[in-house]
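Hello,

Here is the structure I said I would pass on. Please open it first, then read my notes below.

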Amino acid sequence: MVRYVSPAAYQRLLRQQQDAVNKYNREVDRYNREVARNRQEVVRAINDHNRKVNAHNREVVRQQKQAVDNYNRAVRAHNAQVRANEQRRRAALNQLNTRTVSIHYTPLHSSAVALNDAYERLSRRMADEESDGDDDLVLGLPGCENANSLEIVDALLGPESGLATAPADLQQSKIENELRKISVDLDGRWRGALFSLDARNPDAARHFCTSAREIITTILNVRAPDGEVLSVIPDCLTTRDGKPTRRAKIDFMLRRQSHSSSELGDFIDADIDNVLELFKVFNGATHGPAGKYEMGKLQLIKNRVEGGILFLSRVSTTR
C-alpha cells in the first residue's frame with residue numbers, strides 16, 4: 001500500500017537515508033584507513049625485521065671473513081716462521097762444520113747435535129701425520145729452540161760477535177707475563193736473574209744460571225706435581241726415591257695438551273738438557289765483564305735461556 005508523506009517528511013526521510021549512507025561511508029573509510037595503517041605497520045615491521053636480518057647476516061659474514069683472514073694470516077706467519085727457523089738451522093749447521101770444537105765446548109756441541117737430531121725426528125713424524133693440535137707447539141717453537149741452540153754454539157765457538165748490546169738490553173724480557181701465569185714468584189726470580197747480568201757483578205754467571213735453573217725446576221714441579229703424575233701415569237719412570245722423572249713430567253704435561261708424540265717428548269727433554277748444558281758452560285765464565293763473554297754473546301745466551309723457559313712454559317700450559 002502506497003504511503004503518502006508530506007514534502008517536509010519526505011525531505012526528512014531523504015536526510016535520514018543520506019545520513020545513514022554517510023555514516024556507512026565514514027565507517028568504511030575508517031575501516032579502510034585502519035586496514036591501510038595496519039598494512040603499513042606490517043610492511044614497516046617486515047622491513048625492520050629484514051633490515052635487522054640483513055645487518056645480522058652482514059655481521060656474521062664480516063666476522064666469518066675476519067676469522068678466515070685472521071686464520072690465514074696466522075698460518076702464513078707460522079709457515080714463514082717455520083721457513084725462517086729452517087733457514088737459521090741450516091745456516092748454523094753449515095757454519096758449525098767450519099768450527100773447531102774445543103774440549104770446553106764439546107758437551108754443549110754434542111747436546112746441540114742431539115737436539116737437532118731430535119728435531120729432525122719430530123719433523124719427520126709431523127710430516128707423516130695430520131695433526132689438529134697446536135702446530136706452533138709441535139713445530140714452530142721447537143724449530144726456534146733448535147735454531148737458537150745451534151746459533152749459540154756457533155757464536156761461542158766463533159770470534160767476537162761485534163754486536164752493539166747495551167747493558168740495559170739484558171734487562172729487557174718477553175716472558176714476564178708468561179711466568180706470572182704460573183707464579184708471581186717465578187716472575188720475581190726471572191727479574192732477579194736478569195738483574196744479575198751486570199758487567200759490575202763478578203758472579204753474574206753463577207747468579208743467572210742458579211735463578212734460571214730454579215725457574216725450570218719450579219715450572220716442572222708446579223705444572224706436573226709428583227702426586228698427579230703418578231695418579232695419571234702410575235707406570236711412569238721414577239727416580240730411586242720413587243718420584244716421577246723429568247721425562248715422566250713432560251709426558252704428563254703433553255697428555256694435558258692432547259699430544260702423545262714420543263718424538264715431541266724426546267725433543268722437549270733434549271731441549272732442557274741443552275739449556276742445562278749451557279748453564280755449565282756459562283758457570284765456567286768467571287772473569288771479565290759479566291763473565292768472560294762480551295756483551296753481544298751474553299745477549300745471545302740470555303735469549304737462548306729465555307726461549308727455553310718460554311717453550312717449557314707453553315708446554316706446561318693446559319689448553
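**The largest cavity**

The largest cavity has a lining made up of Ile-216, Ile-268, Asp-271, Ile-272, Val-275, Gly-308, Ile-309, Phe-311 and Leu-312. Bear in mind that this is a predicted model. The space inside that cavity is about 60 Å³. A search of the whole structure turns up one cavity of 30 Å³ or more.

Which helices supply the lining of the largest cavity, with at least two residues each? They are H9 and helix H10 (295-316). By type, the lining of this cavity splits into seven nonpolar residues, one polar and one charged. The charged one is Asp-271. Gly-308 counts as the polar one.

**The second largest pocket**

H10 turns up again here. The second largest pocket holds about 150 Å³ of space. Its lining consists of Arg-88, Cys-144, Asn-148, Glu-151, Ile-152, Lys-174, Leu-300, Asn-303, Arg-304, Glu-306 and Gly-307. Helix H3 (135-157) and H10 each give at least two residues to this lining. Which helix gives the most? H10 does, with five residues.

The lining of this pocket divides into three nonpolar, three polar and five charged residues. Among the charged ones are Arg-88, Glu-151 and Lys-174.

**The chain as a whole**

Now the wider picture. The protein chain has 10 helices and zero strands. Along the sequence, its pattern reads α-α-α-α-α-α-α-α-α-α. The chain has 319 residues, and 38% of them count as buried.

How are the contacts spread along the sequence? Take the contacts between residues at least 6 apart in sequence: 74% of these join residues at least 24 apart. The accessible surface of the chain is about 18,800 Å². Carbon and sulfur atoms account for 52% of that surface.

**One residue to look at**

Please look at Ser-258 too. Where does Ser-258 sit? It lies in the loop between helix H8 (246-256) and helix H9 (262-283). Its phi is near 65°, a positive value in a residue other than glycine. Most residues other than glycine have a negative phi.

Is Ser-258 buried or exposed? Ser-258 counts as exposed, because its relative accessibility is 59% and the cut-off for exposed is over 50%.

That is the handover. Over to you.

Best wishes

Key. Residues are numbered from 1 along each chain as its sequence is written. This is a predicted model: local features need pLDDT of at least 70, side-chain atom pairs count only at pLDDT 80 or more; totals for chains, interfaces and linings use all residues. Side-chain values use heavy atoms; hydrogens and water are left out. Helices (H or I, at least four residues) and strands (E, at least two) are DSSP runs, numbered from the N terminus. Buried means under 20% relative accessible area, exposed over 50%, partly exposed in between (1.4 Å probe, protein chains only). Contact means heavy atoms within 4.5 Å. Accessible areas come from the Shrake-Rupley method with a 1.4 Å probe; for residues, only the protein chains shown count as cover. On a 1 Å grid over the protein atoms alone, a cavity is a set of points where a 1.4 Å probe fits but cannot get out, and a pocket is an open set with protein on both sides within 12 Å along at least five of seven lines; lining residues have an atom within 4 Å of a point. Grid points are joined across faces, edges and corners, and a volume is the space filled by probe spheres set on the points.
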